[in-house]
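This note was prepared for a colleague who will examine the coordinates alongside the text. Please read the points below with the model open.

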Amino acid sequence: MAHPGAAAPQTAMNPATPVQLAGLGRDTASAVLRALEQAGYRNLVTLPTSQRVRLQDDVVPGVVVVGVGAGSDYDPDAIAALFEARAPDVRVVALATRRSQALRAESVMAGASAYLTLPEDHGELRRTVGAVVEVFRAHKESRVVAGLGLRSGADGDLALLSRLGLTLDRLDTELGRHTRRVSHLAAETAAALGYGEPFCAALRYAARVHDLGKLVVPLSTLTAQGELTGAQVAAIRSHARLGANLLAGVGGELVAFTRELALRHHEWWDGGGYPDGLSGAEVPVSARIVAVADAFDAMTSHRSYRRARSLREAAEELERWSGAQFDPEVVAAFLRVVGGQSAARGCAVERAG
Ligand SMILES: [Fe+2]
């Protein structure tokens, strides 16, 4: 799996994204600076901690790593204020020096795009900051495209989503392949449900990045095997809100549609899902469709800890959970898609790729 270590080469036309550090103790700040410098980041700024910095005024557009919790001047309220004032042009990484599930949840709710406990392994810090910097650059690029005055901002949205899809491919190849397959299956299912081309096309783009938040969940947690701890489960579940936070603040209708999908694709038909336990039609239909395609692809993909299920077994499992986890109408349409000759062939082609 590729890791986002070094920043991409910068030119005068593409100045380095500023990474600003605020509210970190001296030792923590110098450890973070060292790790990011080693990864090739050149535009690093440490904001003073001896006097209070008003984040919403003193942070410049870019990525800001904010110390939160014990030993920091800042708490999730500061992130919320920053997020409200500067959401379109900052992305916040909350960094705590002690593990705290409550602080993690508060920071993510306040709008942080990622949450880290200062890792002994600096690879995780580089991976997470790298992913947030990539998303920041994609946002910036999409604003430039939208600013060219092409049709009604839609081009900026497409530029952003395309770039984020490629970022997924580059930072995590399996996640990239998974989201490509889910995107294809979701669009086909939407068509089978009778939705027109504009909705199917929007869903194709949106589903491609539905798991964006996984880029900022610790890799050790994502790949943990055996029974997970409560904290690990909470960290994995936070990917829905983190993905929505990464997409927040800019863009047009297509980005808003994608953001909603990122936030809602683990809600269940019967209200048993997360992050908010919505049920039935409260869950957007885009998310109900992706939930089915996502589960089917997960079941039929090989994992190191279990064999891939056959298409028949996976279909039976969907039927078993129809009406509980999944919208029954969506399951029926999905099964028509994967049972149909052309769709089944399309699925096989995607998988072979
Ligand atoms: Fe997901």
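The numbered points proceed from the overall composition to the sheet, the core, one covered helix and two less buried positions.

1. Nature of the model and composition. The structure is a predicted model. Its protein chain holds 16 helices and 5 strands. Of the 353 residues of this chain, 44% count as buried. Among contacts between residues at least 6 apart in sequence, 67% join residues at least 24 apart.

2. Sheet order. The 5 strands form an open sheet in the order S2-S1-S3-S4-S5, and the pairing is parallel. Strand S2 (44-46) and S5 are the edge strands, each of them pairing on one side only. From one strand to the next the twist averages 20 degrees.

3. S1, S3 and the helix across them. Strand S1 (residues 19-22) is joined to strand S3 (residues 62-67) by 4 bridges in the parallel sense. One register point can be checked directly: valine 19 has valine 63 of S3 as its bridge partner. Helix H1 (residues 26-38) lies across S1, S2 and S3, and runs at about 175 degrees to S2.

4. Pairing of S4 on its two sides. S4 pairs with S3 in the parallel sense over 6 bridges, and 4 bridges join S4 to S5, again with the strands running parallel. Alanine 94 appears in both pairings: it is the bridge partner of valine 66, and its own bridge partner in S5 is tyrosine 115. Leucine 95 stands opposite leucine 116 in S5.

5. Crossovers at S4. Two β-α-β units meet this strand. S3, helix H3 (residues 76-86) and S4 make one that is right-handed. S4, H4 and S5 make another, which is also right-handed.

6. Burial of S4. Why is S4 described as largely enclosed by the rest of the structure? The reason is that 7 of its 7 residues are buried. Val90, Val92, Ala94 and Ala96 point one way from the strand, whereas Arg91, Val93 and Leu95 point the other way, and all are buried. The buried set thus includes an arginine, Arg91, and a reviewer may wish to inspect the surroundings of that side chain.

7. Nonpolar core. The largest nonpolar core has 94 residues, of which Val66 and Val93 touch the most other members. Helix H5 (residues 122-147) supplies the largest share of this core, 8 residues. At least three residues come from each of domain 1 (19-139) and domain 2 (150-352).

8. Contacts of valine 93. Which residues does valine 93 touch, when those up to four places away in sequence are not counted? They are Val63, Val65, Ala112, Ser113, Ala114, Leu116, Thr128, Val129 and Val132. Valine 93 points the same way from S4 as Arg91 and Leu95.

9. Helix H11. Helix H11 (residues 239-246) is mostly covered, with 8 of its 8 residues buried. These are His239, Ala240, Arg241, Leu242, Gly243, Ala244, Asn245 and Leu246. They pack against strand S4 (90-96), helix H4 (101-110), strand S5 (114-117), H5, helix H10 (230-237) and helix H12 (253-264). The packing partners of H11 therefore include both strands and helices.

10. Alanine 256. This residue is found in helix H12. Is alanine 256 buried or partly exposed? It counts as partly exposed, because it has 14 C-beta neighbours inside 10 Å. Its C-alpha atom is separated by 9.4 Å from that of aspartate 157, although the two residues are 99 residues apart along the chain.

11. Glycine 339. Helix H15 (residues 328-339) contains glycine 339. With 12 C-beta neighbours inside 10 Å, glycine 339 counts as exposed. Glycine 339 and leucine 311 are 28 residues apart in sequence, and their C-alpha atoms are 9.2 Å apart in space.

Methods
Residues numbered from 1 in each chain as written. Predicted model: local features only at pLDDT ≥ 70, side-chain atom pairs only at ≥ 80, totals over all residues. Buried ≥ 20, exposed ≤ 12 C-beta atoms within 10 Å, placed from the backbone. Core = buried A, V, L, I, M, F, W, Y, C linked by C-beta atoms within 7 Å. Domains from an automatic or database assignment. Contact = placed C-beta atoms within 7 Å. Pairing = 2+ DSSP bridges. Axes fitted to C-alpha atoms, helices over the stretch in contact; angles between N-to-C directions. Right-handed = clockwise from strand over helix to strand, strands pointing away.
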